[in-house]
Amino acid sequence: MGAKWEPYMRAALVEAQIAMDVSSDVPVGAVIVDAAGEIIARGRNEKELSGDPTAHAEIVAIREASSLLRDWRLEGMTLVVTLEPCVMCAGAIQAARLQRVVFGAWDEKVGASGSLYDLVRDKRLGSEIEVIPGVLEAEASSQLKDFFQRRR
């Protein structure tokens with residue numbers, strides 16, 4: 001099942017690399033894919049670039065997709081992101097009514113899509129969102145590890 005999402009994860013990995021290269025942001029990238037399989041929005045961490053603590057890759061991509069569609073409802077769409085979404089992003093994913101989340105690396109510190117928390121799939125919050133973890137996990141994890149090793 002994960003192989004289907006690899007081309008989209010590769011696009012998200014490119015966004016993550018841009019975040020690191022352009023603004024020294026933590027390399028996390030995201031894309032939103034519509035039901036036809038087209039990437040309609042891209043996002044990357046922009047916290048350092050914008051000075052905005054909410055500028056996570058997922059939020060940036062959700063904002064771009066909503067603006068493009070002129071609708072906050074992203075039903076039937078998939079968010080592909082290089083790192084497991086945090087609590088804030090899990091809430092935004094629920095609010096946007098995304099159908100599915102595909103992620104690469106697990107985030108054992110603040111992950112909210114199956115590791116530390118599982119808010120994305122928490123039915124008490126509304127939508128039933130499918131989660132597909134570990135797509136190109138080695139590449140996504142390596143990108144993050146390399147970034148943090150260089151910063152130390």
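**Note on a predicted model: helix H3, core and aromatic pairs**

1. Arg70, placed just after helix H3, has a positive phi of about 55 degrees. The structure is a predicted model, and the points below should be read as applying to that model.

2. Helix H3 covers residues 57-69, which makes 13 residues. At 1.5 Å a residue these should span 18 Å, and the end C-alpha atoms are indeed 18 Å apart, so the expected and computed values agree.

3. Which residues of H3 are buried? They are Ala57, Glu58, Ile59, Val60, Ala61, Ile62, Ala65 and Ser66. The partners against which the buried residues of H3 pack are three strands, E1 (29-33), E2 (39-44) and E3 (78-83), together with helix H4 (87-96). As background, an α-helix has 3.6 residues a turn, so residues three or four places apart point the same way.

4. The largest nonpolar core contains 44 residues. Ile62, listed above among the buried residues of H3, is one of those with the most contacts inside this core; the others are Met9, Ile32, Leu74, Val80, Ile93 and Leu98. In soluble globular proteins, nonpolar side chains tend to be buried together.

5. Ile32 deserves its own entry. Leaving aside residues up to four places away in sequence, Ile32 touches Ala61, Ile62 and Ala65, and also Glu38, Ile39, Ile40, Ala41, Leu74, Met77, Thr78 and Leu79. Of these, Ala61, Ile62 and Ala65 are among the buried residues of H3.

6. The aromatic pairs come to three by the rule used. In one of them, Trp5 and Tyr8 have ring centres 5.6 Å apart and planes at 50 degrees; the pair is therefore tilted, since an angle between 30 and 60 degrees is neither stacked nor edge-to-face. Trp5 has a relative accessible area of 4% and is buried, and Tyr8 also counts as buried, at 17%.

7. Phe103 and Trp106 make up an edge-to-face pair, with 4.9 Å from centre to centre and 85 degrees between the planes. Are the two partners buried or exposed? Phe103 is buried, at 0% relative accessibility, whereas Trp106 is partly exposed, with a relative accessible area of 32%.

8. Val22 lies in helix H1 (residues 6-23). Its relative accessibility is 60%, so Val22 counts as exposed. The C-alpha atoms of Val22 and Leu49 are separated by 8.3 Å, although the two residues are 27 residues apart along the chain.

Conventions: Residues are numbered from 1 along each chain as its sequence is written. This is a predicted model: local features need pLDDT of at least 70, side-chain atom pairs count only at pLDDT 80 or more; totals for chains, interfaces and linings use all residues. Side-chain values use heavy atoms; hydrogens and water are left out. Rings of Phe, Tyr and Trp (its six-membered ring) pair if their centres lie within 6.5 Å; planes under 30 degrees apart count as stacked, over 60 as edge-to-face and the rest as tilted. Buried means under 20% relative accessible area, exposed over 50%, partly exposed in between (1.4 Å probe, protein chains only). Helices (H or I, at least four residues) and strands (E, at least two) are DSSP runs, numbered from the N terminus. The expected span of a helix is 1.5 Å times one less than its number of residues. Contact means heavy atoms within 4.5 Å. A nonpolar core is a set of buried Ala, Val, Leu, Ile, Met, Phe, Trp, Tyr and Cys residues joined through side-chain atoms within 4.5 Å.
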